[in-house]
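Biologist: Before I rely on any descriptive terms for this protein, I would like to hear what each of them rests on. Could you take me through the reasoning?

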Amino acid sequence: MSATTRRLTTAQALVRFLSAQYTERDGVRRRLIAGTWGIFGHGNVAGLGQALVEYRDAMPYHQGRNEQAMVHAAVGYARQLNRLSAQAVTTSIGPGATNLVTGAALATVNRLPVLLLPGDYFASRAADPLLQQLEHPVEADVSVNDTLRPVSRCFDRITRPEALIASALNAMRVLADPAETGAVTLALPQDVQAEAYDWPEEFFAERVWTVRRPAPDPVELEAAVAAVRAARRPLIVAGGGVHHSEAEDALRVLVDATGIPVASTQAGKGSLRHDHPADLGGVGHTGTAVSDALARDADVVIGVGTRYTDFTTASGTLFRNPDVRFVNLNITGFDAHKLAARPLVCDARTGLERLAEGLAGYRVDAAYEAEYRSGKERWDEVVEAALRADDDTAVPTQTQVLGALDAVVGDDDVVINAAGSLPGDLHKLWRARSPRQYHLEYGYSCMGYEIPASLGVQQAAPGTPVWALVGDGTYLMMPTEIVTAVQEGLPVNVVLVQNHGYASIGGLSEETGGERYGTAYRYRAADGSFTGAPLPVDLAANAASLGMEVLRAKTVRELRTALAEARASDRPTCVYVETDPAPTAPPAEAWWDVPVAEVATREAAVRARERYDAQVAGRRRHL
């Protein structure tokens, strides 16, 4: 071996390379790949497994229990650190690899970085067919890892050791680029993982990837400033890009100077503190009354770091002003041009700072400011009523569970949720006190995300109390990483809400003519429906069996005590509460399009279709 090369296996070279990669933004440097999650099988144990033990001082390793959950944990880690640091996930071939697909889709949909390193079949075809190999009669080079192609921002199969050099560099580029980031997959044939090669020393040199803050084009900025200055009823829609760019202070400065109110998406909630006079809370189908009322009449909507999902736009029915125009400030041109907007393709913080400079001296009319402040006050009363529990001895409702948690958390606690009925309640009612307190994965709305994501958040923010809010349906999807939390000593808190079924989908089923069929966790009745007694399932005992400390709460008073005890604990803790199923959350303030059967014989579906036709008539395409 010459002085300029190092003889290592491909897997060893990859681990050494990853341990020397960094990001830098605003002078702050972080490890780009801070650790690796893994479950070993024959497709990676002798390659990456050996490399990870060889270089365990350079690359921290975390043992997972479910491949999808490992991706969720890595995504939670990356989001908590504003996409400036990420984690890798390695699996064997076969089911281990295909289990990554859901997590990869979640990461890419939410524009969050994660590096996937699944094992793959022999590149040499020496062993063919291999255990777990998918044999394709037409495309012999296809493997199950190809299922990751459409959900990855970058995909490559490393069939020769030297091919890793260019591929690994490109993978890091994508992971560190806020305009391109998402899941990145490097499929690693198990024979290539173990093959030795003389690697150039430069490949292992420390490398820093600058996370750019591009400024807006001057022509686009001038047009955006002119549009806002001409507006009488402007509204800012704050998306996740505000947080990823750490643009919260820039947003507040702009709002304080101009008086423009802010409504937030699920990903953008917390861009302003809940008690800022211009913070109107959530927008869209799960939004607040004041946000949605202003959105209907807004003449200019300034989208900052948002993808404008159907929940945000109420499936194209929310922004009703016939003269409404959009100004979209986004790091990607793809999102900046949505809704026929005047685009500002730039970093959120830089763009907001430039926009504030251009709007110097502009302020909304006092009457408009008084209008939205009054609406905010009225909504605050609605929130207080939903969260308040007047009888401490009663079984809590779901919103009262949130009220009890609100009373216990500190400003920097992190509350995590993803799917079910809780996201709607949280978007309407949660009073976010800091930029990272509200952690909702609603781009993919993936049941099972919360518990593994809490591990990633805890790793990213040691010492921070982290709360995973889960219903019984979500818990049953993926409780496996409770074992990992115990093993790793991560004192996450799980608030397990038992309501005996899929509450959110049950309500949607009823509204759309499905009559709640198949949405409850109950015994089958004689007519085949799920209307019998609740199943004798003890999820609290299950959590305890996996190693958690479990606190059972039957009343509001017991719940408050249990939450406070959990927050003070130094070990993984579950607070289990069975809730009163009576709905106490405010109803939806805007529509969401779930198509209803156009023809049916059952009365429920016929009536649902009539309501659907009335709503869909209000849809609008912004051109």
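Modeller: What follows is a short exchange about a predicted model, going from the whole chain to single elements.

Biologist: Why is the protein chain, with its 24 helices and 23 strands, called as compact as a globular protein of that length?

Modeller: The radius of gyration is 25 Å, and the globule rule gives 25 Å for 623 residues, so the chain is as compact as a globular protein of that length. Of these 623 residues, 57% count as buried, which here requires a relative accessible area under 20%.

Biologist: What makes strand β16 mostly covered?

Modeller: Strand β16 spans residues 325-330, and five of its six residues are buried.

Biologist: How do you know that β16 pairs with β15, and which strand do four bridges join to β16?

Modeller: Pairing asks for at least two bridges between two strands; β15 (residues 300-304) and β16 have five, in the parallel sense, so they count as paired. Val-301, for instance, has Phe-326 of β16 as its bridge partner. Four bridges join β16 to β17 (residues 342-345), again in a parallel run, and Leu-329 stands opposite Leu-344 in β17.

Biologist: What makes up the contact where helices α1 and α6 pack?

Modeller: Helix α1 (residues 10-18) and helix α6 (residues 163-176) pack at about 30°, their axes 11 Å apart, and the crossing is right-handed. Thr-10, Leu-14, Phe-17 and Leu-18 of α1 meet Leu-164, Ala-168, Leu-169 and Met-172 of α6, with heavy atoms within 4.5 Å counting as contact. These residues divide into seven nonpolar, one polar and no charged.

Methods. Residues numbered from 1 in each chain as written. Predicted model: local features only at pLDDT ≥ 70, side-chain atom pairs only at ≥ 80, totals over all residues. Heavy atoms only, no water. Axes fitted to C-alpha atoms, helices over the stretch in contact; angles between N-to-C directions. Helix = DSSP H or I, 4+ residues; strand = E, 2+ residues; numbered from the N terminus. Left-handed = near helix turned anticlockwise from the far one by under 90°. Nonpolar A, V, L, I, M, F, W, Y, C, P; charged D, E, K, R; others polar. Buried < 20%, exposed > 50% of the residue type's maximum accessible area, 1.4 Å probe, protein only. Rg over C-alpha atoms; globule rule 2.2 N^0.38 Å.
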